[in-house]
Amino acid sequence: MNILYIFLQCTWGFLQSLLGGIQFLFHIREKHFFYHGAVVTIWKIKSSVSLGMFVFVTDEPYFYEKLKDAYSMDELAQRLLIHEYGHTIQSLILGPLYLIVIGIPSTLWGFLPNTNKKRKEQQISYFSFFTEKWANRLGEKVTKEKSMEQLVID
């Protein structure tokens, strides 16, 4: 299964895997491990991202303080990994359309000031957006582990 995953990420998901590979090289000194075929990098940046077969997860989720009474740091990190792994499955499904269908909308949802403000004011889960909700479901289905669900992190 891992060989097929890697093959498809390097062919069908070539563009995002290329971008992920370049990002990986910039963070070569960080901690890395394999997870269901994906190359996971634990980095110092406060957000996480998936690019093809490369997953970059924060070593310190910015939302931990808000959720620390309900979740340990390790549990949040694992749930975040499941979520990001779900994005790698989206890459397998969408191939060259991944960056247009998932990457751009997800980035805008996460970083535009007006969407940040709306999520905070209305206590809307970041994971309620279609790209994120789908990533949660896929990550959970493939790994059989819990993802971020509808946690409000802002």
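This tour proceeds through a predicted model, from its sheet to its aromatic pairs and then to one helix.

**The sheet**

Begin by selecting the four strands, which form an open sheet in the order E1-E2-E4-E3 with mixed pairing. Colour E1 and strand E3 (49-51) separately: they stand at the edges, each with a single partner strand, so one side of each is left without a neighbour in the sheet. From one strand to the next, the twist averages 20 degrees. As background, the strands of a sheet pair through backbone hydrogen bonds, in either a parallel or an antiparallel sense.

**The hairpin of E1 and E2**

Next, select strand E1 (residues 31-35) together with E2; the two run antiparallel and are joined by five bridges. They form a hairpin with two residues between them. Pause at His36 in the turn, where phi is positive at about 50 degrees. Beside the turn, Tyr35 has Ala38 in E2 as its bridge partner. Further along the pair, His32 stands opposite Thr41 in E2.

**E2 and its other neighbour**

Keep E2 displayed and add strand E4 (residues 54-58). These two strands pair in the parallel sense, over five bridges. One position to locate is Val39, whose bridge partner in E4 is Phe54. E2 itself is mostly covered, with five of its six residues buried.

**Thr41**

Now centre the view on Thr41, which belongs to strand E2 (residues 38-43). Is Thr41 buried or exposed? Its relative accessible area is 0%, and therefore Thr41 is buried. Show side chains here: that of Thr41 makes a polar contact with the side chain of His32, at 2.8 Å. To see the surroundings, display the residues that Thr41 touches, leaving aside those up to four places away in sequence; among them are Phe24, His27, Glu30, Val55, Phe56 and Val57.

**The aromatic pairs**

Turn next to the rings. How many aromatic pairs are there? The count comes to eight aromatic pairs. Select Trp109 and Phe129, a stacked pair with 4.8 Å from centre to centre and 10 degrees between the planes. Trp109 lies in helix H5 (residues 98-111), while Phe129 is in the loop between helix H6 (113-122) and helix H7 (130-143), so the pair ties together parts that are 20 residues apart in sequence. The two residues can also be described by their accessibility: Trp109 counts as buried at 12%, and Phe129 counts as partly exposed at 21%.

Stay with Trp109 and add Arg119. The charged end of Arg119 sits over the ring of Trp109, 5.0 Å from the centre of that ring.

For another group of rings, select Tyr5, Tyr35 and Tyr85, which ring pairs link into a cluster. Tyr35 has already appeared in this tour as the bridge partner of Ala38.

**Gln78 in helix H4**

For the last stop, show helix H4 (residues 73-94) and pick out Gln78 within it. The relative accessibility of Gln78 is 29%, so this residue counts as partly exposed. Which residues does Gln78 touch, not counting those up to four places away in sequence? They are Tyr35 and Glu145. Display Tyr35 again, and the view returns to a member of the tyrosine cluster. Finally, select Arg137 and compare the positions: Gln78 and Arg137 are 59 residues apart in sequence and 15 Å apart in space, C-alpha to C-alpha.

Technical notes
Residues are numbered from 1 along each chain as its sequence is written. This is a predicted model: local features need pLDDT of at least 70, side-chain atom pairs count only at pLDDT 80 or more; totals for chains, interfaces and linings use all residues. Side-chain values use heavy atoms; hydrogens and water are left out. Buried means under 20% relative accessible area, exposed over 50%, partly exposed in between (1.4 Å probe, protein chains only). Contact means heavy atoms within 4.5 Å. A polar contact is a pair of N or O atoms within 3.5 Å; within protein, one must be able to donate a hydrogen and the other to accept it, and residues adjacent in sequence count only if both atoms are side-chain atoms. Rings of Phe, Tyr and Trp (its six-membered ring) pair if their centres lie within 6.5 Å; planes under 30 degrees apart count as stacked, over 60 as edge-to-face and the rest as tilted. A charge sits over a ring if NZ of Lys or CZ of Arg is within 6 Å of the ring centre and within 35 degrees of the ring normal. Two strands pair if DSSP finds at least two bridges between them. Axes are lines fitted to C-alpha atoms, for helices over the stretch in contact, and angles run from 0 to 180 degrees between N-to-C directions.
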